[in-house]
Amino acid sequence: MFMKIFVSLIVLIAVGVGLGTQLPRELLIKVIIFRDFFDAALPILAFGALIKYLCTCCVKCGSCHQTQCEDKKST
C-alpha cells in the first residue's frame, strides 16, 4: 500500500514539474533549482541502491546460507 502511495506521489510531482515549465521566467527559476537538486541527489541514491542490492542475500538463487537469509527477512 505504501508503494502505491509513493509511486502516485512521484508521478504527481513529475507532472507538476512538467507543467511548471509553462511558468513565467521569475517562477521558472524555482523549478530549475528543484531540478539541480535532483541532478545531484539521484546519482548518490542510485549508488546507495546498487550497494544495497549487491549486499543483500538472494533467497531464490540459493547461493548463500539459508539461515542468514531467513534472519535478514525476519528483521
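Which helix gives the most to the lining of the largest pocket? In this predicted model, that turns out to be H1, with four residues. The pocket itself has a volume of about 150 Å³. Helix H1, covering 2–19, and helix H2, covering 25–55, each put at least two residues into its lining. The residues found there are Ile-10, Ile-13, Ala-14, Val-17, Phe-34, Phe-38 and Leu-42. Sorted by type, the lining comes out as seven nonpolar residues, with no polar and no charged ones.

A bit of helix geometry is handy when reading that list. An α-helix has 3.6 residues a turn, so residues three or four places apart point the same way.

Stepping back to the whole chain, the secondary structure amounts to three helices and zero strands. Read from the N terminus, the order is simply α-α-α. Not much of the chain is hidden: 5% of its 75 residues count as buried. The exposed surface comes to about 6,900 Å², and carbon and sulfur atoms account for 72% of that.

Helix H2 is worth a look of its own. With 31 residues at 1.5 Å a residue, H2 should span 45 Å, and its end C-alpha atoms are indeed 45 Å apart, so expectation and model agree. Still, H2 has a bend of about 30° at Ala-41. A proline, Pro-43, comes along within four residues after that point.

What about a single residue on this helix, Lys-30: is it buried or exposed? Lys-30 sits in helix H2 and has a relative accessible area of 59%. Exposed means over 50%, so Lys-30 counts as exposed. As for its surroundings, Lys-30 and Gly-20 are separated by ten residues in sequence, while their C-alpha atoms lie 9.5 Å apart in space.

Definitions and conventions:
Residues are numbered from 1 along each chain as its sequence is written. This is a predicted model: local features need pLDDT of at least 70, side-chain atom pairs count only at pLDDT 80 or more; totals for chains, interfaces and linings use all residues. Side-chain values use heavy atoms; hydrogens and water are left out. On a 1 Å grid over the protein atoms alone, a cavity is a set of points where a 1.4 Å probe fits but cannot get out, and a pocket is an open set with protein on both sides within 12 Å along at least five of seven lines; lining residues have an atom within 4 Å of a point. Grid points are joined across faces, edges and corners, and a volume is the space filled by probe spheres set on the points. Ala, Val, Leu, Ile, Met, Phe, Trp, Tyr, Cys and Pro count as nonpolar, Asp, Glu, Lys and Arg as charged, and the others, Gly among them, as polar. Buried means under 20% relative accessible area, exposed over 50%, partly exposed in between (1.4 Å probe, protein chains only). Accessible areas come from the Shrake-Rupley method with a 1.4 Å probe; for residues, only the protein chains shown count as cover. The expected span of a helix is 1.5 Å times one less than its number of residues. The bend at a residue is the angle between axes fitted to the seven residues ending there and the seven starting there.
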